[in-house]
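Here are some notes for a colleague at the bench, written to be read with the structure open. They take up helix packing and pockets in turn.

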Amino acid sequence: MYIKRKLEKKVMELSASFPAVMVTGARQVGKTTLLKHLAGDDRSFVTLDIPENRIMALEAPSVFLQKYAPPVIIDEFQYAPALLQYIKAYVDERGSRGDFWLTGSQSFVSMKNVSESMAGRVGIVNLFSLSRSELTGSLFDEYETDAETLISRQAAGVPMSRGDTFSAILKGGMPRLHERQAAAFQDYFGAYFQTYLSRDIKDLAQVADELVFYKFMRVCGGLAACHVDYTNIAKKVGISVNKAKEWMSVLVSSGIAVLLQPYFNNALKRVVKAPKLYFMDTGLLCYLRGVDDAGVLEKLAESGVFFENYVVSEIYKSFVNSGRLPPLYYYRDANNRKEIDLLIERNGVLYPIEIKENVNPDRKALRHFDAIAPVADTGMTVGTGNVICGGSDLYPLGNDVWAVPHWLI
């Protein structure tokens with residue numbers, strides 16, 4: 001069963017404009033499935049996951065390109081980076097568009113090789129696990145806070161009860177967990193981590209002890225929606241601070257997590273400088289936290305942490321799935337007195353968003369929004385604010401601030 005992806009349109013636009021298109025992202029988020037779905041009957045397919053294909057691509061790249069002549073999908077192409085030089089020569093000679101569609105599970109390696117070898121010749125998109133709007137078929141564009149857009153979404157959105165919400169958080173968005181005969185939650189993620197640790201992690205970080213890296217991931221799971229303190233992480237895992245930083249970059253580069261940076265503006269004094277950590281698939285986060293039951297998840301004292309991670313990851317995906325770089329930040333002053341969960345900066349306007357798990361937030365949720373008012377001194381304005389919540393109704397909370405049910409993201 002194929003689930004329509006929001007990125008389909010962007011992939012086709014890039015294919016019409018560039019000789020090559022690269023889709024990167026974590027394992028099993030649906031990169032290959034997406035490209036196969038979009039490919040015509042005349043586009044061949046080859047995966048470098050198969051050793052024989054990889055050997056040919058490494059040792060006889062010109063023969064490889066003769067056997068798998070464009071238009072072609074080359075899956076997991078990062079295993080043969082030298083192939084890029086031959087692809088470059090091919091596209092420079094012919095000047096055609098959309099000949100090569102490439103996928104890679106290790107975006108840092110893939111991007112580095114492409115930027116060095118294929119500059120100006122490749123369109124790049126990043127794919128994460130399924131968003132809620134993809135699962136429901138609403139396929140919303142990037143998130144906007146204004147009332148007109150939110151009201152227009154109500155007809156296409158699918159309301160969710162509290163139980164529905166935490167069931168969705170537990171399941172996450174990995175496509176294989178949404179198949180008709182999906183594997184059990186624990187079985188799926190157990191196998192997923194075996195593959196991730198034994199293949200991607202060895203390639204990206206030369207990890208000698210996979211169990212230590214798994215411990216690192218579990219520690220990071222406990223820090224979801226929190227500020228990153230590398231010294232604390234290193235101490236808990238038993239590694240150096242530099243190693244903790246290196247491994248965190250691996251989580252980000254392999255599409256597992258994102259680091260939300262604090263918002264800086266000359267008018268805002270003494271702000272926290274540490275990023276906040278969010279996992280891009282909440283099912284994976286639940287697995288790391290040892291939760292496999294939606295009812296238990298809903299009753300946890302930390303249920304709000306899972307809800308915040310869910311909302312941030314969904315908004316982040318909404319921008320990436322529309323082919324845009326997410327202009328997302330958070331705000332917190334150094335005295336820990338005022339914090340705003342999420343800021344969207346677009347065209348000189350700063351949109352504040354607070355995330356509250358409760359069903360009917362009140363004006364108390366807005367108490368920190370005035371912290372960013374000084375940005376007006378630098379020529380910026382503060383736009384419509386939102387309090388994204390676990391309720392079912394869209395309603396005004398105050399002057400240009402709306403309470404927004406999370407299923408309208």
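1. In these notes, contact means that heavy atoms lie within 4.5 Å. The model is a predicted one, and the points below should be read with that in mind.

2. With that cut-off, R162, T165, F166, A168 and I169 in helix α9 meet S303, F306, F307 and Y310 in helix α16. Sorted by class, the contact of α9 with α16 has six nonpolar, two polar and one charged residues.

3. As for the geometry of this pair, α9 (residues 162–171) and α16 (residues 303–320) pack at an angle of about 70 degrees, and their axes are 10 Å apart. Because angles of 65 to 115 degrees count as roughly perpendicular, α9 is described as roughly perpendicular to α16.

4. A second pair to look at is helix α11 (residues 210–221) with α13, which pack at an angle of about 75 degrees, their axes being 11 Å apart. That angle makes α11 roughly perpendicular to α13.

5. Which residues bring α11 and α13 together? From α11 come V212, F213, F216, M217 and C220, and these meet A244, W247, M248, V250 and L251 in α13. By class, the residues of this contact divide into ten nonpolar, no polar and no charged.

6. Turning to the pockets, the largest one has a volume of about 630 Å³. It is lined by 25 residues, and those closest to its centre are N126, Y316, V320, L325 and P326. The lining as a whole has 16 nonpolar, seven polar and two charged residues.

7. Several elements contribute to the lining of the largest pocket: α6 (107–117), β5 (122–126), α13 (241–253), β6 (257–260), α16 and β8 (328–332) each supply at least two residues. The largest share, four residues, comes from β6. Both α13 and α16, which appear here among the contributors, were also met above as packing partners, α16 with α9 and α13 with α11.

8. The second largest pocket holds about 490 Å³ of space. Of the 22 residues that line this pocket, Q28, G30, K31, T33 and R176 lie nearest its centre, and helix α2 (residues 31–38) provides the largest share of the lining, namely four residues.

9. How do the residues lining the second largest pocket divide by class? Seven are nonpolar, seven are polar and eight are charged. For the largest pocket, the corresponding division is 16 nonpolar, seven polar and two charged, and a reader may wish to set the two linings side by side when viewing the model.

Definitions and conventions:
Residues numbered from 1 in each chain as written. Predicted model: local features only at pLDDT ≥ 70, side-chain atom pairs only at ≥ 80, totals over all residues. Heavy atoms only, no water. Axes fitted to C-alpha atoms, helices over the stretch in contact; angles between N-to-C directions. Parallel < 35°, antiparallel > 145°, perpendicular 65-115°, else oblique. Nonpolar A, V, L, I, M, F, W, Y, C, P; charged D, E, K, R; others polar. 1 Å grid on protein atoms, 1.4 Å probe; cavity = no way out; pocket = protein on both sides within 12 Å on 5 of 7 lines; lining within 4 Å. Points joined across faces, edges and corners; volume = space filled by probe spheres on them.
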